[in-house]
Amino acid sequence: MFKLILKFQNNVVDEYEFRSTPVTIGRREDNDVVIDNMAVSGHHAVIEEEEPNFYVLVDLESLNGTFINESKIFREKLFDGDDIIIGKHSLKFVDLRPESMRPQKHEEQPEERPAKEFRDTMILDTKAQQALLAKQAAEKGITPEQIAAKPKKVNLQGSITIIAGGTPQIIELTKRLTTLGKSNDADIKCSGLLVGKTAALINKRPNGYFLAYAEGLKKPEVNGESVTTQMQLQDGDEIGIGSTRMTFNLSEEFE
């Protein structure tokens with residue numbers, strides 16, 4: 001459970017409260033947090049959960065990058081009070097869980113952390129992003145181009161094969177979010193008395209496919225194990241939702 005406070009030029013634009021993930025951020029209207037600015041990619045970033053109790057911010061290969069405080073990130077844990085910088089907007093991350101349930105951030109070099117007043121008002125334009133990259137590069141003894149370069153990617157392609165409780169077929173998982181449930185609008189129809197209209201979601205990310213529980217009294221299962229939040233899918237996994245059984249298949253290509 002967390003809150004995001006959207007700011008532009010230190011003015012609060014909107015506030016959002018979330019009890020579950022994934023939470024998507026971007027310019028397109030199908031995001032959970034919509035930032036209407038051309039510096040923001042259509043699907044710019046997503047907040048996910050990671051065991052045991054972390055929220056994680058993932059950059060979705062955005063054009064202008066995603067920053068936490070003053071560091072460009074690809075995938076990074078979030079802590080209460082962190083500033084997410086996307087284009088010229090900022091999102092204050094507020095962890096609403098009891099303090100005993102929040103992970104604590106251990107600073108290796110606390111003296112280098114920017115003053116709170118600066119972090120609260122920091123807005124990044126192109127020059128500021130370049131300056132931050134240059135600073136990080138100097139600290140690590142590499143060039144700005146090296147730190148800005150993205151690692152070699154693996155192109156992943158997943159598919160679902162219905163084996164019971166539905167029409168036998170193979171469904172390619174090409175969408176960013178694939179819905180599974182009893183709804184007529186679900187991408188993959190599942191049957192069963194306690195199955196929700198949208199029982200689960202399969203989230204396609206750069207690093208793999210993740211199955212997340214959405215709603216309904218009957219939770220999805222992966223290899224017989226109940227999924228209460230989310231789980232990364234592996235090639236050959238068997239998924240059960242109500243009386244529908246299916247297998248997940250994964251192939252990969254290196255660039």
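I looked up strand 6 (residues 54–59) first: strand 6 and strand 9 pair in the antiparallel sense over four bridges. Two strands count as paired if DSSP finds at least two bridges between them. Strands here are DSSP runs of E with at least two residues, and helices are runs of H or I with at least four, numbered from the N terminus. I traced one bridge: Leu 57 has Glu 76 in strand 9 as its partner.

The model is predicted, so I note the filters: local features need pLDDT of at least 70, side-chain atom pairs count only at pLDDT 80 or more, and totals for chains, interfaces and linings use all residues. Residues are numbered from 1 along each chain as its sequence is written, and side-chain values use heavy atoms, without hydrogens and water.

Next I followed the sheet. It is open, with five strands in the order 4-3-5-6-9 and mixed pairing. Strand 4 (33–34) and strand 9 (75–78) are the edges; each has a single partner strand, so one side of each lacks a neighbour in the sheet.

Then I checked the whole chain. I found three helices and 22 strands. Of the 255 residues, 42% are buried, meaning under 20% relative accessible area with a 1.4 Å probe, protein chains only. Contacts are heavy atoms within 4.5 Å. Among contacts between residues at least 6 apart in sequence, 42% join residues at least 24 apart.

Last, I looked at Leu 193. Leu 193 lies in the loop between strand 15 (188–189) and strand 16 (200–205). Leu 193 is exposed (over 50%), with a relative accessible area of 77%.
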